[in-house]
Amino acid sequence: MPVPRVLVGDSSKAMLAFLEILLESQFDVVGALTDGEGLVAVAKEQAPDLVVLDFSLSFLDGLAIARRLQEARPDCKVVFFTSHEDFAYAHAAFDVGAKGYLVKQLTVDLGHYLGRVLGGERVCCPEALWDQIQRERGQ
C-alpha cells in the first residue's frame, strides 16, 4: 500500500519543521509552506491525499485556501490543525468541506487522527466542538 502523501501549511516555520519531523515516519510530506498561494499551487502539482492546514497563512486565510483546495483537488482531504479552540472556527471549517478540525494544544496523536481521516472518518479534537456543531444542525 502506498504511503499517504501529505501537504502542510502553517504560518509558523518552526511549526512546519516540527510537523515534518512528526509526520515523516507515517506519511510522505510533499511540502510545507507558510504561503497560501504556494500551498494551492503545490497541491495542484503534487496531488496530496491530505492537506494539514492552519487558519492563519499569509495572503490567504485558511478558509479561502480550503475552498480553493476543494475546487482544485476535490479528492484531497483537508484537516485544520489550529490553536483556535472555538466553535465558530470549527463550524466554518466543516462548512467548507474539511474532514477534520484539530486543536494543536489538545491533539496528542496527530498521525492517528490523520489516519482516521484517510480511512473516511470525520474527526474533531476536542470532540465537544463536533458535538456542539451536531446539536446546532439538529442532528
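This section describes the nonpolar cores, two helices and one loop residue of a predicted model.

The largest nonpolar core comprises 27 residues. Within this core, the residues that touch the most other members are Leu7, Leu39, Val51, Leu53, Leu69, Phe80 and Tyr101. Two or more residues each are supplied by β2, α2 (36-46), β3 (50-53), α3, β4, α4, β5 and α6. The greatest contribution is that of α3, which gives four residues. A second core, separate from the largest one, contains 17 residues, among them Tyr113, Leu114, Val117 and Cys125. In soluble globular proteins, nonpolar side chains tend to be buried together.

The surroundings of Val51 were examined further. When residues up to four places away in sequence are not counted, Val51 touches Leu7, Leu39 and Leu69, and also Cys76, Lys77, Val78 and Val79. Leu7, Leu39 and Leu69 are themselves listed with Val51 among the residues of the largest core that touch the most other members.

Helix α4 spans residues 87-95. At the start of α4, a side-chain oxygen of Asp86 comes to within 2.8 Å of the backbone nitrogen of Ala88. The buried residues of this helix are Ala90, His91, Ala93 and Phe94. Viewed down the axis of α4, these buried residues lie within an arc of 160 degrees, and therefore they line one face of the helix. An α-helix has 3.6 residues a turn, so residues three or four places apart point the same way. The buried residues of α4 pack against α3 (62-72), β4 (77-82), β5, β6 and α6. Just after α4, Gly97 adopts a positive phi of about 100 degrees.

Helix α6 covers residues 127-136, and its buried residues are Leu129, Trp130, Ile133 and Gln134. Seen down the axis of α6, the buried residues fall within an arc of 140 degrees, so they too line one face of their helix. Their packing partners are α4, β5 (100-103) and β6 (123-125). Both α4 and α6 are among the elements that give two or more residues to the largest core. Just after α6, Gly138 has a positive phi of about 75 degrees.

Glu24 lies in the loop between α1 (13-23) and β2 (28-33). With a relative accessible area of 55%, Glu24 is exposed, because the cut-off for an exposed residue is over 50%. Glu24 and Gly111 are 87 residues apart along the chain, and their C-alpha atoms are separated by 9.8 Å.

Note on methods:
Residues numbered from 1 in each chain as written. Predicted model: local features only at pLDDT ≥ 70, side-chain atom pairs only at ≥ 80, totals over all residues. Heavy atoms only, no water. Buried < 20%, exposed > 50% of the residue type's maximum accessible area, 1.4 Å probe, protein only. Arc of directions from axis to C-beta. Contact = heavy atoms within 4.5 Å. Polar contact = N/O pair within 3.5 Å; in protein donor to acceptor, adjacent residues only side chain to side chain. Core = buried A, V, L, I, M, F, W, Y, C linked by side-chain atoms within 4.5 Å.
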